[in-house]
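These notebook entries record what I looked up, site by site. I began with the metal and the ligands and then turned to individual residues.

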Amino acid sequence: MQPNIIEQALAYVKAKFENEYSGHDYFHTLRVFKTATAIAKEEGANLKIVQLASLLHDVDDVKLSPETNENLLNARRFLESHSIDTDTISTICRIIRDVSFAGCDSVVPETLEGQCVQDADRLDAIGAIGIARAFAYGGNHNRLMHHPDEKPRLNMTKDEYRSHKSTTINHFYEKLLLLPALMNTSAAHKIAAHREAFMQNYLAEFMNEWDGLL
Ligand code: ADP
Ligand code: NI
């Protein structure tokens, strides 16, 4: 493995996400990288694998890059061109596949490294930043913030979750509030508990204002 590959991966994702504003910008990847690194240190996971997988976890996202998603071509090309061995490439690609939230079809990654990256990606979807990302996503996809007659849909499969166009408030019940219990590592559970309480307070305030309760 080349010594400066992490710096090169950082530069690669910075350029890749330069014009991305839908909630998957460069800073999302940077936060996932930093959080995954901290969790990996606490849990004793392989740092290089965690760092490369977290930096590359969104470069073939189906919403951003549908043409490369199937074979994770962007991630593979980056790793191959930096002389990473084939076993390590398979491990990293497996982690990238397993990371994303897919309703009832979400998976627990087999490796500790995968669990660290998944936790870091999910931590970025909750708390103050998670709330901001959800509303940014809703605006980007022309969704209402809230509709009192639309109830959240629970227990969706991967396909139902992907095609369902929910209000942003419903997204809290369909994904964000489910994430704390799904954390893999104890390091992430601790952070998630704090962020969950913050989201519950936020929702209570939102509903009070919506209902005109001053
Ligand atoms: P990731 O791949 O980072 O796990 P997604 O691609 O599912 O997350 O979504 C990116 C961001 O947009 C996340 O913060 C997520 O919670 C938010 N998001 C996804 N779907 C919705 C939705 N229907 N309404 C509001 N926010 C959403
Ligand atoms: Ni992500």
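**Metal site**

I first listed the protein donors of the nickel ion (ligand 2): they are His28 (NE2), His57 (NE2), Asp58 (OD) and Asp121 (OD), at 2.1 to 2.6 Å from the ion. I note at once that the model is a predicted one.

I then wrote out how these donors are spaced along the chain, and the pattern for the nickel ion (ligand 2) reads H-x28-H-D-x62-D. Are the donors His57 and Asp58 buried or exposed? I found His57 buried, and Asp58 is buried as well.

**Ligand 1**

I counted the surroundings of ligand 1 next and obtained 13 residues. The closest of them are His24, Lys63, Asp121, Arg143 and His171. Asp121 thus appears in this entry as well as among the donors of the nickel ion (ligand 2).

Which helix gives the largest share of the shell around ligand 1? I identified helix α8 (residues 127-140), which contributes three residues.

I looked up the polar contacts by side chain. For His171, a polar side-chain atom lies 2.8 Å from an oxygen atom of ligand 1. For Asp121, an N or O atom of the side chain is 3.1 Å from an oxygen atom of ligand 1. For Lys175, the separation between a polar side-chain atom and an oxygen atom of ligand 1 is 3.5 Å. I then checked how far ligand 1 is covered: taken alone it exposes 550 Å², and the protein buries 95% of that.

I also asked which pocket ligand 1 occupies, and the space it takes is the largest pocket.

**His171**

I returned to His171 and placed it in helix α10 (residues 168-174). I class His171 as buried because its relative accessible area is 18%, and the cut-off for buried is under 20%. For a distance along the fold, I took His171 and Asn4: they are 167 residues apart along the chain, and their C-alpha atoms are separated by 39 Å.

**Two residues with positive phi**

I looked for positive phi at residues other than glycine and recorded Leu72, with a phi of about 50 degrees. Leu72 sits in the loop between α4 (66-69) and α5 (73-81). Its relative accessibility is 3%, so I count Leu72 as buried.

My second entry of this kind is Ser83, which is not a glycine either and has a positive phi of about 55 degrees. I located Ser83 in the loop between α5 and α6 (86-99). Is Ser83 buried or exposed? Ser83 is exposed, because its relative accessible area is 54% and exposed means over 50%.

**Asp87 and Ala192**

I placed Asp87 in helix α6. At 59% relative accessibility, I count Asp87 as exposed. I also noted its separation from Met183: the two residues are 96 apart in sequence and 26 Å apart in space, C-alpha to C-alpha.

My last entry concerns Ala192, which I found in helix α12 (residues 186-210). Ala192 has a relative accessible area of 0% and is therefore buried. How far apart are the C-alpha atoms of Ala192 and Gly44? I read a separation of 20 Å for this pair, whose members are 148 residues apart along the chain.

How values were computed: Residues are numbered from 1 along each chain as its sequence is written. Chains are lettered from A and ligands numbered from 1 in the order in which they are written. This is a predicted model: local features need pLDDT of at least 70, side-chain atom pairs count only at pLDDT 80 or more; totals for chains, interfaces and linings use all residues. Side-chain values use heavy atoms; hydrogens and water are left out. Donors are N, O and S atoms within 2.8 Å of the metal (3.2 Å for Na, K and Ca); water is not among the atoms, so sites may look incomplete. Buried means under 20% relative accessible area, exposed over 50%, partly exposed in between (1.4 Å probe, protein chains only). A residue is near a molecule or strand if one of its heavy atoms lies within 4 Å of it. A polar contact is a pair of N or O atoms within 3.5 Å; within protein, one must be able to donate a hydrogen and the other to accept it, and residues adjacent in sequence count only if both atoms are side-chain atoms. Accessible areas come from the Shrake-Rupley method with a 1.4 Å probe; for residues, only the protein chains shown count as cover. On a 1 Å grid over the protein atoms alone, a cavity is a set of points where a 1.4 Å probe fits but cannot get out, and a pocket is an open set with protein on both sides within 12 Å along at least five of seven lines; lining residues have an atom within 4 Å of a point. A molecule sits in a cavity or pocket if more than half of its atoms lie within 2 Å of its grid points. Helices (H or I, at least four residues) and strands (E, at least two) are DSSP runs, numbered from the N terminus.
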